[in-house]
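Me: I would like to work through this structure in questions and answers, from whole chains down to single residues.

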Amino acid sequence: MSTRITRRDGLLTALFGTGYIGLRALATGLPTWYLLNPRRATAQDLTCAINAKQNLQYLILSASSMGDPLNCNCPGTYEATDIVHPTQTEVEATQITIGGKTYGAALPWADPSIVGSDGTSKGQLASATLARTAFIHHRTGTTVHGDQPKVMKLLGDTSGGEMLVSAYAKHLATCFGTVQAAPIALGAGNNSSELVSFTGRMLPSVSPTQLKQLLTGSKTDPLVMLRSIRDQSLNQLNAMAKASASPVQAAFLDELATSQTQVRALASQLATTLSMISSDNVAGQALAAAALIAANVTPVVTMHIPFGGDNHTDSNLQNEADQTVSGVTGIQQVITALGGLTDSAGVALTDRVTFATMNVFGRNLNGISKVTSRAGRDHYGNHSVMTIIGKNVNAGVYGGPYASSSGAAYVAGDIDSKSGAMTPGGDVPAAQTHVSAARTLGSILGIPDAVAANDYTASSGGKVITAAVANLPTS
Amino acid sequence: MFTKELRRVGLALLAMGSLGVSACNGNIGHNESSGAGGSGASSVTGSGGSNIKPGNVTVPPTPTDPAVAAAAVRKVENLLTGMAPTDADVALVTQQGAAGLQQLISTWMTTDPYQTMLGSKMIGLFRNMFQQTGFTPTEDFKIQLLQNGGFDFGPFGVSAVGDDSYARLVQNIQDSFAMTAWQLVKDGTDFRQTLTTNRYLMTTGLKMVYIQIEMKADAPFGNQNAQPAWTIDFSRNPIDLATALATMNFSDEAPAHASTGFGGSMACTAATSGTYNGTSLLFQRLIGFTPRFPFSGSPTCFEHSSKPYLTTDDVSDWQWVTINHKATPTDQTPVVQPYDLPTLRNTTTLTLSLPRVGFYTTPAFLALWNTNDSNQHRVTANQTLLVALGQAFTAENTIIPLSTTGLDSSHSVAGSECVGCHATLDPMRNFWANQFDYNDRNDFPARANFMGGAANPRPTSIVDEFAFGDFKATGTSTADIGNFLQMVTDGNGLSRFAIAITQQLCFYANSTACSESDPEFRRVVNSFMTSTYNFAALIKEFFASPLVTGTAATGTFMTANSVPVSISRRDHFCAALSNRLGKADLCAQTATLPTSAQTATAKIAAAITSDAFSRGAQSPVTPSDPTLFYRSATEELCENIAPQVVDATSGSVYSSSDVTGSIKGMVETIMGYPPSDPMHDMAIQILTDHNTMANSATTTGGTTRPGGTGGSTSKATNALRSTFVLACESPTAVGLGL
């Protein structure tokens with residue numbers, strides 16, 4: 001069987017990609033990603049189901065499979081005197097005000113104007129950032145590093161085993177009209193690191209420097225200059241292959257054609273920001289994440305900010321202290337990078353993007369000799385903290401550590417969803433605080449809990465902690 | 001050109017095909033190739049060559065649609081050898097379907113050059129399958145080879161290591177078990193030996209590493225009296241190995257290749273010689289690193305690179321080595337000193353204090369899954385289950401162990417959420433914890449040290465409890481676990497090990513899992529078991545199955561031709577380019593002393609999605625979608641490689657003086673359309689049109705990429721290079737299953 005490529009075919013494919021995906025998207029109003037995989041989509045996937053679009057947020061999520069001790073030194077953990085903290089001046093206890101209330105916290109969580117007792121250490125989080133920050137104390141319920149993907153799936157409480165980031169992305173992509181619906185994993189990847197999947201398929205990771213290399217580069221190299229001509233020929237090859245392709249093969253060929261178009265568009269859009277990236281560190285990830293969102297590539301970017309790592313053996317909790325400083329600094333770098341860019345409407349990305357953390361588990365706050373002697377901390381499934389920063393956040397501390405008796409191990413307690421306070425017997429039982437944190441983050445992103453109802457299993461439980469949400473979406 | 005030859009072979013094949021199944025074990029479809037690429041599959045001293053026996057064709061001949069047959073051969077041949085199909089290959093599969101494909105696979109496994117290529121691909125698969133790669137040597141070996149010794153080179157890092165013995169030694173560590181597994185296959189051995197073997201393919205350098213790991217912990221600080229005492233002569237005059245070992249006075253001879261980084265080209269001028277103590281630092285000197293002297297914050301001489309005593313031969317002399325376990329594991333006196341390279345070079349039996357059995361006790365596996373005083377080898381046990389059985393501990397485990405010996409009460413308080421896992425996990429961790437300390441060494445410190453290390457006294461009673469799935473037993477050594485892993489079944493007659501290995505092939509081929517209830521999947525698994533776990537027979541059976549080719553509906557893929565199409569991930573893409581173009585390691589993945597051009601190429605190649613695995617994950621990480629990043633990375637790599645193969649100053653594959661022949665070669669070799677394929681002529685026309693357009697448009701500016709000749713590059717050259725890029729990024733080159 002032979003297929004003859006006509007000049008008209010060539011022109012059309014050059015303009016709209018193999019299968020004329022672009023043309024079909026224009027004609028139908030359906031997003032290209034839906035046209036590529038219509039069988040995978042549901043009606044909900046096709047249109048933006050959210051009315052209050054002005055408050056919708058992109059998401060940058062710092063994920064960790066290490067179980068960093070972020071939960072040990074953040075606001076909400078200093079009021080109980082038997083919770084153990086590092087003693088270094090760089091993280092000394094400081095009073096900070098969040099949402100009109102004063103809490104103890106490690107120094108880095110304070111504004112840079114706050115200087116430590118040694119005269120040199122100082123806060124790392126700008127007060128403007130802190131004014132949009134929520135700390136939700138919750139339980140992930142696992143102590144296994146490898147459960148990081150399961151924690152992303154709320155340990156079985158998301159529908160169809162979907163990762164939370166995937167569920168958020170599906171809602172947001174249609175509303176933002178992003179280039180792709182799938183999240184982009186910047187800090188993930190390589191063996192034993194954080195995994196991110198979309199609709200059940202594992203996503204590859206791309207490092208900031210790789211992103212820079214792939215989307216910037218020589219404009220004078222003759223092979224680069226010939227790309228536009230080559231694109232036309234490539235479309236012809238795609239069309240030729242598609243002529244006798246099975247539906248599965250045809251879908252793959254369409255995806256190839258679309259990705260080719262995306263690369264060309266993004267290279268010009270992202271060049272300036274990406275040129276500033278010099279490494280894969282947190283600053284590089286921050287720049288890359290901001291650039292990808294500014295160019296409307298994806299609604300969700302994941303990254304990794306270390307906060308002390310897997311510190312079983314951490315003499316004097318030195319690593320924990322050092323990385324609490326660098327971790328909070330990293331968060332501020334993300335916010336600063338966002339502040340330097342705007343969306344297509346000219347709105348600063350600090351008003352369009354929410355930053356959050358999700359840790360596979362926390363670490364022991366007290367109650368074991370290793371912690372008491374400040375020699376390290378072990379895995380702890382009963383307390384973790386999700387940090388959320390964004391325009392739709394009511395700054396504050398939600399939930400908190402609770403000990404059943406003097407000297408007992410602190411665990412995340414029940415929460416009263418309306419006040420956000422840790423309240424024994426509250427309407428969010430401790431066992432459901434992880435789902436609650438996820439639902440709350442969804443609301444802060446602008447996704448009404450009713451719209452997201454199908455993202456969770458019927459038995460998942462949990463409630464939005466409404467006290468934490470500034471612009472509670474209802475429809 | 002080899003086209004006529006192929007046609008001749010094709011006719012012969014057609015004739016042979018008519019002989020039926022009984023004649024189908026000979027060498028068929030011997031394709032011409034200009035050479036193999038990639039790494040691995042080196043020659044092995046002492047091996048009896050290849051004894052691969054894939055077995056007879058097991059399915060009857062069934063004619064297949066030519067287009068479906070072409071896509072199937074293109075996919076399977078690429079996956080297994082990296083090569084493109086010939087007309088003869090496609091004709092055979094068109095005539096006989098899966099039976100023809102089984103014949104081809106058997107031929108590839110038993111005939112050079114395919115056999116070598118297939119070996120390289122399988123070694124790459126085994127590195128991931130047995131989780132032997134992905135560690136960071138300078139960090140992850142700090143516990144086995146000690147901080148301030150071994151691979152811990154201090155603040156200058158590998159910049160202070162001379163030549164490439166160290167880099168090759170690291171490759172040895174990650175290749176050893178993968179090569180061992182492939183050699184077991186080549187020797188015709190039961191694949192279950194990957195769980196029980198105490199024979200490994202090793203180099204002299206690896207033997208040195210294995211012994212060094214169980215030497216007394218003598219790295220600085222606080223070990224100034226460690227033995228042996230030895231010196232370095234800082235004059236930079238050479239001292240040969242025999243003299244150095246006789247006098248224990250080693251040279252500081254400059255390496256042939258030194259890093260431009262700090263420590264790379266430094267020498268010690270402030271002292272004439274320095275005295276050191278212990279084997280941890282001597283190990284470093286042998287691999288090209290001269291430690292600082294003295295070992296303090298303000299040394300007289302800083303650490304710097306030197307010529308290694310470990311030669312290139314020492315890190316490439318692969319041979320079978322049997323590792324025996326000492327009767328008295330507390331005995332830390334080595335049978336051979338780790339620095340006695342002349343003896344090690346001729347040693348084929350090592351008697352060690354630490355047990356080394358299967359894949360789960362190799363230094364690579366233990367470095368990747370570092371344990372600690374809290375984890376206490378739980379990660380080691382869990383990852384072992386994931387590799388061997390494709391399953392891990394969950395709270396839903398229903399089996400009850402023989403006893404609660406080993407259950408850690410601090411981790412699993414009765415009635416807590418943790419007990420479900422710990423009840424079976426904790427007893428099983430003892431298979432390691434009873435014979436390896438928390439540093440996966442043999443020190444078993446009785447007391448905690450001031451550096452934060454916990455006390456870890458040697459256990460007095462050795463009781464290892466295995467309880468997983470439908471099998472439980474008590475063992476007395478690490479070696480027992482391999483036998484126990486073989487006993488676990490799925491409860492319906494299939495071995496979990498056989499299921500896990502076959503499932504790994506599903507991911508390798510399709511980037512997705514097969515359904516374990518699929519009758520076709522179970523048939524393939526069963527055939528693996530009935531072949532006495534002959535991996536070669538599994539390869540033949542699986543890759544000819546509709547699970548891979550999609551020629552029929554299966555329980556996994558419910559309709560014919562619905563097997564997912566996947567991107568060609570990095571290992572597949574690079575192997576295909578190297579093997580088809582006859583240029584080894586085009587992606588510069590194994591260069592131990594990379595040129596700046598190779599460094600650039602490797603960096604681009606690293607952006608292409610590759611196969612991986614993750615802690616605690618039951619499935620390998622095999623991304624399949626052609627994302628914009630994949631698209632961009634493959635384009636960059638193709639552009640990078642083009643000057644090395646088109647009008648290159650040496651070893652060029654394609655020439656702008658023969659555009660017609662070059663384009664024909666690109667279509668048949670890179671794109672995988674043999675002459676009789678309906679797409680062949682159309683593809684040639686598209687590439688030819690592109691070459692013409694590019695020739696009209698391009699300037700004469702030269703590329704600065706590797707192989708480029710700068711500003712004098714002609715329009716014709718640039719046009720043909722662009723045409724190569726087009727072929728290189730074409731759908732059939734970047735997709736598996738088209």
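The turns below go from conventions to chains, then to helix contacts and single residues.

Me: What kind of model is this, and how are residues, chains and ligands labelled?
Reply: Residues are numbered from 1 along each chain as its sequence is written, while chains are lettered from A and ligands numbered from 1 in the order in which they are written. Side-chain values use heavy atoms, with hydrogens and water left out, and local features need pLDDT of at least 70, side-chain atom pairs count only at pLDDT 80 or more, and totals for chains, interfaces and linings use all residues, since this is a predicted model.

Me: How many helices and strands does chain A have, and what share of its residues is buried?
Reply: Helices (H or I, at least four residues) and strands (E, at least two) are DSSP runs, numbered from the N terminus. On that basis chain A has 15 helices and 15 strands. With buried meaning under 20% relative accessible area, exposed over 50% and partly exposed in between (1.4 Å probe, protein chains only), the buried share of the 475 residues of chain A is 61%.

Me: What part of the contacts in chain A joins residues at least 24 apart, among those between residues at least 6 apart in sequence?
Reply: Contact here means heavy atoms within 4.5 Å. Among contacts in chain A between residues at least 6 apart in sequence, the part that joins residues at least 24 apart is 70%.

Me: How many helices and strands are there in chain B, and how much area does chain B expose?
Reply: Chain B has 27 helices and 12 strands, and 61% of its 738 residues are buried. Accessible areas come from the Shrake-Rupley method with a 1.4 Å probe, and for residues only the protein chains shown count as cover. Carbon and sulfur atoms supply 53% of the exposed area of chain B, which comes to about 24800 Å².

Me: Why do α10(A) and α23(B) count as roughly perpendicular or roughly parallel?
Reply: Axes are lines fitted to C-alpha atoms, for helices over the stretch in contact, and angles run from 0 to 180 degrees between N-to-C directions. Helix α10 (residues 227-243) of chain A and helix α23 (residues 628-645) of chain B pack at an angle of about 115°, with axes 14 Å apart. Angles under 35 degrees count as roughly parallel, over 145 as roughly antiparallel, 65 to 115 as roughly perpendicular and the rest as oblique. The two helices α10(A) and α23(B) are therefore roughly perpendicular.

Me: Which residues make the contact of α10(A) with α23(B), and how do they divide by class?
Reply: From α10(A) come A:R227, A:R230 and A:L234, and from α23(B) come B:R631, B:E635, B:E636 and B:E639. Ala, Val, Leu, Ile, Met, Phe, Trp, Tyr, Cys and Pro count as nonpolar, Asp, Glu, Lys and Arg as charged, and the others, Gly among them, as polar. The contact of α10(A) with α23(B) has 1 nonpolar, no polar and 6 charged residues.

Me: What are the angle and axis distance for α8 of chain A against α23(B), and which classes of residue meet there?
Reply: Helix α8 (residues 208-215) of chain A packs against α23(B) at an angle of about 65°, with axes 9 Å apart. On the α8(A) side are A:L211, A:Q213, A:L214 and A:L215, which meet B:F629, B:S632, B:A633 and B:E636 of α23(B). By class, the residues of the contact of α8(A) with α23(B) are 5 nonpolar, 2 polar and 1 charged.

Me: Where in chain B is the cis peptide bond with omega of about -15°?
Reply: A cis peptide bond with omega of about 5° joins B:D112 and B:P113, and B:P113 is in the loop between α4 (98-110) and α5 (114-129). B:P294 lies in the loop between β5 (289-290) and β6 (304-305). The cis bond with omega of about -15° joins B:F293 and B:P294.

Me: Is B:Q131, with its positive phi, buried or exposed?
Reply: Although B:Q131 is not a glycine, its phi is about 50°. B:Q131 lies in the loop between α5 and α6 (137-140) of chain B. At a relative accessible area of 5%, B:Q131 is buried.

Me: Is B:V335 buried or exposed?
Reply: B:V335 is in the loop between β7 (319-325) and α12 (341-345) of chain B. Leaving aside neighbours within four places in sequence, B:V335 is in contact with B:K326 and B:T351. With 58% relative accessibility, B:V335 counts as exposed.
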